[in-house]
Amino acid sequence: RQGTLHELVSRLADGRVRIDAGVDWDETVRQLLDIPGIGPWTAGYIRMRGLGDPDVFLASDLGVRQGMARAGLPDDPRAAGVAADRWRPWRSYAQLHIWSLLGNSKLRGDE
């Protein structure tokens with residue numbers, strides 16, 4: 001992890017990777033995936049939160065899977081991805097809502 005972080009910071013510092021307004025999202029994801037230790041989840045999360053892409057859905061994320069199940073939606077990553085297609089082009093916002101279900105005590109059955 002330390003090596004991954006060092007490499008990311010190095011590439012950000014010298015401009016090989018840019019995370020700022022106006023960058024091509026697909027190109028930035030490719031650049032991030034070239035860094036050993038950064039996988040699709042991390043690159044997708046950076047695309048969603050760091051680059052502001054409103055249409056990212058991290059179907060394999062554990063919190064997404066749990067939130068989907070709590071909402072009565074498919075929690076298998078493939079089926080969840082298919083279900084999330086109807087939320088395009090706003091899947092990032094839907095995902096934030098799905099994550100928020102994990103903190104809702106009424107859905108957990110605490111009340």
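**Exercise 1. Buried residues of helix H3**

Task: In this predicted model, determine which residues of H3 are buried and which helices they pack against.

Solution. Begin with the burial criterion: a residue is buried when its relative accessible area is under 20%. In H3, that class consists of Ala43, Gly44, Ile46, Arg47 and Met48. Next, identify the packing partners. The buried residues of H3 pack against H2 and against helix H6, which spans 91-100. Finally, consider what follows the helix: just after H3, Gly52 adopts a positive phi of about 80°.

**Exercise 2. The packing of H2 on H3**

Task: Describe the geometry of the packing between H2 and H3, and state what kinds of residue make the contact.

Solution. First, the geometry. Helix H2 covers residues 25-33 and helix H3 residues 40-50; they pack at an angle of about 145°, and their axes are 9 Å apart. The crossing of H2 and H3 is right-handed. Second, the residues. H2 contributes Trp25, Asp26, Val29, Leu32 and Leu33, while H3 contributes Pro40, Ala43, Ile46 and Arg47. Third, the composition. The residues of this contact comprise 7 nonpolar and 2 charged, with no polar ones. As a general point on such patterns, an α-helix has 3.6 residues a turn, so residues three or four places apart point the same way.

**Exercise 3. The surroundings of Leu33**

Task: Establish where Leu33 is placed, whether Leu33 is buried, partly exposed or exposed, and which residues Leu33 contacts beyond its neighbours within four places in sequence.

Solution. Leu33 lies in helix H2. Its relative accessibility is 39%; since partly exposed covers the range between 20% and 50%, Leu33 is partly exposed. Leaving aside neighbours within four places in sequence, Leu33 is in contact with Ile38, Gly39, Pro40 and Ala43. For Ala43, a distance can be added: the C-alpha atoms of Leu33 and Ala43 are separated by 6.7 Å, the two residues being 10 residues apart along the chain.

**Exercise 4. Aromatic pairs**

Task: Classify the ring pairs Tyr45 with Trp99 and Phe57 with Trp87, and locate their residues in the chain.

Solution. The whole structure contains 4 aromatic pairs. For Tyr45 and Trp99, the ring centres are 6.2 Å apart and the planes stand at 50°, so the pair is tilted. Tyr45 belongs to helix H3 and Trp99 to helix H6, 54 residues apart, and the pair thus links distant parts of the chain. Tyr45 has a relative accessible area of 29% and is partly exposed.

Phe57 and Trp87 have 6.0 Å centre to centre and 65° between the planes, an edge-to-face pair. Phe57 is in the loop between H3 and helix H4 (62-70), and Trp87 is in the loop between helix H5 (77-84) and H6, so the pair ties together parts 30 residues apart in sequence. With 11% relative accessibility, Phe57 counts as buried.

The last step concerns clustering: ring pairs link Trp41, Tyr45 and Trp99 into a cluster.

**Exercise 5. The chain as a whole**

Task: Summarise the secondary structure, the extent and the burial of the chain.

Solution. The chain has 7 helices and 0 strands. Along the principal axes, the C-alpha atoms fill a box of roughly 50 × 30 × 25 Å. Of the 111 residues, 36% are buried. The accessible surface is about 6,900 Å², with 52% belonging to carbon and sulfur atoms. Among contacts with a separation of 6 or more, 51% involve residues 24 or more positions apart.

Definitions and conventions
Residues numbered from 1 in each chain as written. Predicted model: local features only at pLDDT ≥ 70, side-chain atom pairs only at ≥ 80, totals over all residues. Heavy atoms only, no water. Axes fitted to C-alpha atoms, helices over the stretch in contact; angles between N-to-C directions. Helix = DSSP H or I, 4+ residues; strand = E, 2+ residues; numbered from the N terminus. Left-handed = near helix turned anticlockwise from the far one by under 90°. Contact = heavy atoms within 4.5 Å. Nonpolar A, V, L, I, M, F, W, Y, C, P; charged D, E, K, R; others polar. Buried < 20%, exposed > 50% of the residue type's maximum accessible area, 1.4 Å probe, protein only. Phe/Tyr/Trp six-rings, centres within 6.5 Å; stacked < 30°, edge-to-face > 60°. Areas by Shrake-Rupley, 256 points an atom, 1.4 Å probe, with all protein chains shown as cover.
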